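Biologist: Please choose a single part of this model and look at it closely with a first-year student in mind. Then connect it, step by step, with what else can be read from the structure.

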Amino acid sequence: MTSINEQPIPAARPVIGEDEIEAAVRVLRSGRVVQGPEVAAFEEGFSRLVDGRHCVAVNSGTSALQLLLLALGIGPGDEVIVPSFSFAASANAVRLVGADVVFADIEPGSFGLDPAAVEAAITPRTAAIMPVHLYGHPAAMDKIMPIAQKHGLAVVEDACQAHTAALNGTPVGAFGAGGTFSFYPTKNMHSLEGGMVSTGDAELARTLRLLRNQGMEQRYANEIVGANMRMTDVNAAVGRVQLAKVEGWTEQRRANAAYLDAHITAPSVTTPPVAEGARHIYHQYTVRVRGDRDAAMAKLTEAGVGNAVYYPTPIHRLKPYWEPDQKAGRTWELPETEKAAAEVVSLPVHPSLSRNDLERIVTAVNALGENL
């Protein structure tokens, strides 16, 4: 039970400090608030995180995914292979461009797409593979990229939870045709709200810029059909402040995770493994709980340790996907996905944690013991 003098430890804590506030106010006072110099500077700065790729800022991570698919020409009649164990936006973006979602199972360790499951899911209609770097652990890109190249498929990286994660020295967002990032407030860095697309293809980057701005590069000279998915300069200014801090925050997350790895000993809890060559940046510190997960979460909450399940219902079981698939007689065999959804619990790992917070988390988790 939480001591009367101890506050509950939140599962996540967005950072909005004086630097972010001052940056926002500075832009508001300038009068240039949409798609201006702050956005351009944010794009240039973020490019350094993705091996110098072109970066295109948009209004959300979901928009980033949708616009990248559109820019690649993916639409009706195409299929995109997606993990069901992810936030719904991964699959929603595919549906929003009119393509069909094909779900593939995940690896039990990284929670990313299983390369063997990906290869088995490829059909003549497959146009792209969408690996999700879930919780900040890179997917098995060293195996997924050769599969995509063999079959002539685009790779759309959903790196919305994985800013600065890497595999064998290559940052996520620098593997496929394009990568997408989210700047939602609980991410490792944020811009209040926003997204980014990274790509090594200059022409694709130009198409993305057209798509986010009503199809225009020059005002009133519309070249294609586009949308309004621009990032504001207020968002970009906040993002630039956070960009300067994200490496330090990430190292603190990694240090916090290392402490939890070393001190959690409850037999009913499995700490998150890290694949060889992977740089895990711990957007979430996600354990597996054997036994009664609800009881475990209730005990953690009683001890003042925030916790959450990401994600309790796999996408293929959500109503917009489950009902159409049932009507079409389509079923998905995703045993690792189902197992993960039933077992995962995310614990606090954010950089605001103190040593006392970490000790309290460990004490509460180890008190779960062997049987729940």
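**A close look at the largest pocket**

Modeller: Sorted by class, the residues that line the largest pocket are 11 nonpolar, 11 polar and three charged. Please keep in mind throughout that this is a predicted model. The largest pocket encloses about 440 Å³ of space, and among its 25 lining residues, those closest to its centre are Phe-87, Gln-161, Ser-182, Lys-187 and Tyr-311. Two elements, helix 3 and helix 4 (89-96), each give two or more residues to this lining, and helix 3 gives the most, with three.

Two of these names lead further, and I will begin with Lys-187, which is one of the residues closest to the centre of the largest pocket. The structure also holds four cavities of 30 Å³ or more. The largest cavity has about 90 Å³ of space, and Lys-187 appears again here, since the residues closest to the centre of this cavity, out of 14 that line it, are Arg-13, Pro-14, Val-15, Lys-187 and Arg-253. The lining of the largest cavity is made up of six nonpolar, five polar and three charged residues.

The other name to follow is helix 3, which leads from the pocket to the interior. The largest nonpolar core has 53 residues, and Leu-69, Val-80, Val-94, Phe-103, Ile-129 and Met-130 are those with the most contacts inside it. Helix 3 (residues 61-71) is the element that gives the most to this core, contributing six residues. To see one member in its surroundings, take Val-80: beyond its neighbours within four places in sequence, Val-80 is in contact with Leu-69, Ile-74, Val-94, Ala-99, Asp-100, Val-101, Val-102, Ala-128 and Met-130. Apart from this core lies another one, of 36 residues, which includes Tyr-282, Val-289, Leu-353 and Val-362. As a general background, nonpolar side chains in soluble globular proteins tend to be buried together.

A further residue worth following is Ala-104, which has its place in strand 3 (residues 100-104). Ala-104 counts as buried because its relative accessibility is 3%, and the cut-off for buried is under 20%. Although Ala-104 and Val-82 are 22 residues apart in sequence, their C-alpha atoms are 6.1 Å apart in space. When residues up to four places away in sequence are not counted, Ala-104 touches Ile-81, Val-82, Pro-83, Ser-84, Leu-113, Ala-117, Val-118 and Leu-334.

For a second view of burial, we can turn to strand 13 (residues 344-347), where Val-344 and Ser-346 point one way, Val-345 and Leu-347 point the other way, and all are buried. In a regular strand the side chains alternate between the two faces of the sheet. Strand 13 pairs with strand 12 (residues 285-289) in the antiparallel sense over four bridges, and Val-287 stands opposite Val-345.

Helices can be covered as well, and helix 8 (residues 233-243) is mostly so, with 10 of its 11 residues buried. What covers these buried residues includes helix 1 (18-30), helix 2 (37-47) and helix 9 (246-263).

Finally, to set the largest pocket beside another, the second largest pocket has about 160 Å³ of space. Its lining includes Glu-107, His-137, Asp-142, Lys-143 and Leu-167, and by class that lining divides into five nonpolar, two polar and four charged residues.

Notes
Residues numbered from 1 in each chain as written. Predicted model: local features only at pLDDT ≥ 70, side-chain atom pairs only at ≥ 80, totals over all residues. Heavy atoms only, no water. Core = buried A, V, L, I, M, F, W, Y, C linked by side-chain atoms within 4.5 Å. Buried < 20%, exposed > 50% of the residue type's maximum accessible area, 1.4 Å probe, protein only. Contact = heavy atoms within 4.5 Å. 1 Å grid on protein atoms, 1.4 Å probe; cavity = no way out; pocket = protein on both sides within 12 Å on 5 of 7 lines; lining within 4 Å. Points joined across faces, edges and corners; volume = space filled by probe spheres on them. Nonpolar A, V, L, I, M, F, W, Y, C, P; charged D, E, K, R; others polar. Pairing = 2+ DSSP bridges.
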